Amino acid sequence: MPQLNRQIVIEQLPQGRLGPEHFRLRESPAPTPADGEVLLRTRYVSLDAANRAWMQGATYRSALKAGQVMAGGALAEVTESRASHFSPGDLVFADTGWQEYVALPARQLTKLARVEPLTHLISVYGVAGLTAYFGLLECGKPQPGETVVVSAAAGAVGEIVGQIAKIKGCRTVGITGGAAKCKLLTEELRFDAAVDYKAGDVGRALKAACPDGIDVYFDNVGGDILEACLFNMKVRGRIACCGAVSQYDSAAPHGPRGVPGLIVTKRLTLRGFLVSDFYQHREQALSELKGWVDSGQLKVHEDIINGLENLPAALIGLLAGQNVGKRMVKVV
């Protein structure tokens, strides 16, 4: 049995940009599972822009508070079970928080089949891959020959969205930051074009990359980039609203101009979603994703950082756009 549990707690909620001073590392007694519970040891913690959004107030989950363990999902391994249908060594994805050990009710958990590498259970076969799959195909509904644009295109969700759009026969344009990421999109991931939002006028660059307009926009960022895409949408275009990372770590977030005017005149459809909305079709999605990965049609990038203590810096870096693909922290 473990004696101590290392945890990252929220020292104070940020009022502006997130910094290392908003977290601290502490040690607490390791939990003991009760009847019907399992003791989990965290293997890999998933990092997502939503981690920062949870600090701003209640969303689809309760607001975070100073003094509590930082929230987050992780791939975890059962080390002790007091539930009949779980055994030591079983893998689950759970809302563990940023800590080494947690005891959770077994009824809340679903056993995962092992794959190699295990990290794919967090990236392409986890929330990132399923978000890309359902957000694009169920909300964006792209048709062969249409133009699909995705923001944060070198990120965990964005790079998968763009590749699925190509698989479905679409012309794909990614918006990302920096020449190196643009090169990655067009040369390795087969995007038709890439727009560097750090290089100048995004609206003008989008117009050049999408001269006939945008049929489907997969929005991960909100703000100015959503505005630029709104002005370049085709009539009856579709926008899948996944996230708004440009707003999460800003002291003065702002929304796009053109709302609701452009939505009305262009007869646009905007649909927000949570990946859990589609979990009844999860097995079908995983089967398709696995087929594309196995065939080489879908490439997976993972950005793995070692050490529980490095979680705060890893999240801060993700919000600054340092990652390519899915960022996670290896705990053990």
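**Exercise 1. Where is the place of Pro117?**

Solution. Keep in mind that you're working with a predicted model.
- Step 1: Find strand E7 (111-112) and then helix H2; Pro117 is in the loop between them.
- Step 2: Look at the bond leading into that proline. The peptide bond from Glu116 to Pro117 is cis, and its omega is near -5 degrees.
- Step 3: Now hunt for another case. Val259 and Pro260 are also joined by a cis peptide bond, with omega about 10 degrees. Pro260 sits in the loop between helix H7 (245-248) and helix H8 (261-265).
- Step 4: Why bother pointing these out? Because most peptide bonds are trans.

**Exercise 2. Work out the strand order of the open sheet with six strands, and find its edges.**

Solution.
- Step 1: Walk across the sheet from one side. You pass E10, E9, E8, E11, E12 and E13, in that order, and the pairing is parallel.
- Step 2: Check the two ends. Strand E10 (193-196) and strand E13 (269-272) each have a single partner strand, so one side of each has no neighbour in the sheet. Those two are the edges.
- Step 3: Add the twist, which averages 15 degrees from one strand to the next.
- Step 4: Zoom in on one pair. Strand E11 (residues 214-219) and strand E12 (residues 233-241) run parallel and are joined by five bridges. For example, Val216 has Arg238 in E12 as its bridge partner.

**Exercise 3. Which strands does helix H3 lie across, and which does helix H5 lie across?**

Solution.
- Step 1: Start with H3 (residues 158-167). This helix lies across strand E8 (147-151), strand E9 (171-176) and E11.
- Step 2: Read off its direction: H3 runs at about 170 degrees to E8. Angles over 145 degrees count as roughly antiparallel, so H3 is roughly antiparallel to E8.
- Step 3: Do the same for H5 (residues 202-209). H5 lies across E8, E9, E10 and E11, and runs at about 170 degrees to E10.

**Exercise 4. Describe how H5 packs against helix H6.**

Solution.
- Step 1: Get the geometry. H5 and H6 (residues 223-232) pack at an angle of about 40 degrees, and their axes are 9 Å apart.
- Step 2: Put a word to that angle: the two helices are oblique to each other.
- Step 3: Note the handedness. H5 passes H6 in a right-handed crossing.
- Step 4: List who touches whom. From H5 come Val202, Gly203, Leu206 and Lys207, and they meet Ala228, Cys229 and Asn232 of H6.
- Step 5: Sort the contact residues by type, and you get four nonpolar, two polar and one charged.

**Exercise 5. Are H2 and helix H9 roughly parallel or roughly perpendicular?**

Solution.
- Step 1: Take the angle. H2 (residues 127-140) and H9 (residues 282-295) pack at about 105 degrees, with their axes 10 Å apart.
- Step 2: Translate it: H2 is roughly perpendicular to H9.
- Step 3: Collect the contact residues. H2 supplies Gly129, Leu130, Tyr133 and Phe134. H9 brings Arg282, Gln284, Ala285, Leu286, Glu288, Leu289 and Trp292.
- Step 4: Sort this contact too: seven nonpolar, two polar and two charged.

**Exercise 6. Which strands does strand E3 pair with, and how many bridges join each pair?**

Solution.
- Step 1: Begin with E6 (residues 101-105). Five bridges join this strand to E3, and the two run antiparallel. Leu39 stands opposite Ala103 in E6.
- Step 2: Go on to E4 (residues 74-81), which is antiparallel to E3 and joined to it by seven bridges. Here Val38 has Ser81 as its bridge partner.
- Step 3: Finish with E15 (residues 326-330), paired with E3 in the antiparallel sense over three bridges. Val45 is matched with Val329 there.
- Step 4: Check how covered E3 (residues 37-46) is: nine of its 10 residues are buried.

**Exercise 7. What is the phi of Lys141, and what is the phi of Ala152?**

Solution.
- Step 1: Lys141 has a phi near 50 degrees, a positive value. Ala152 also has a positive phi, near 50 degrees.
- Step 2: Why do these catch the eye? Because most residues other than glycine have a negative phi.
- Step 3: Place them. Lys141 is in the loop between H2 and E8, while Ala152 is in the loop between E8 and H3.
- Step 4: Check exposure. Lys141 is partly exposed at a relative accessible area of 45%, and Ala152 is partly exposed at 32%.

Conventions:
Residues are numbered from 1 along each chain as its sequence is written. This is a predicted model: local features need pLDDT of at least 70, side-chain atom pairs count only at pLDDT 80 or more; totals for chains, interfaces and linings use all residues. Side-chain values use heavy atoms; hydrogens and water are left out. Two strands pair if DSSP finds at least two bridges between them. Helices (H or I, at least four residues) and strands (E, at least two) are DSSP runs, numbered from the N terminus. Axes are lines fitted to C-alpha atoms, for helices over the stretch in contact, and angles run from 0 to 180 degrees between N-to-C directions. Contact means heavy atoms within 4.5 Å. Angles under 35 degrees count as roughly parallel, over 145 as roughly antiparallel, 65 to 115 as roughly perpendicular and the rest as oblique. A crossing is left-handed if the near helix is turned anticlockwise from the far one by less than a right angle, and right-handed if clockwise. Ala, Val, Leu, Ile, Met, Phe, Trp, Tyr, Cys and Pro count as nonpolar, Asp, Glu, Lys and Arg as charged, and the others, Gly among them, as polar. Buried means under 20% relative accessible area, exposed over 50%, partly exposed in between (1.4 Å probe, protein chains only).
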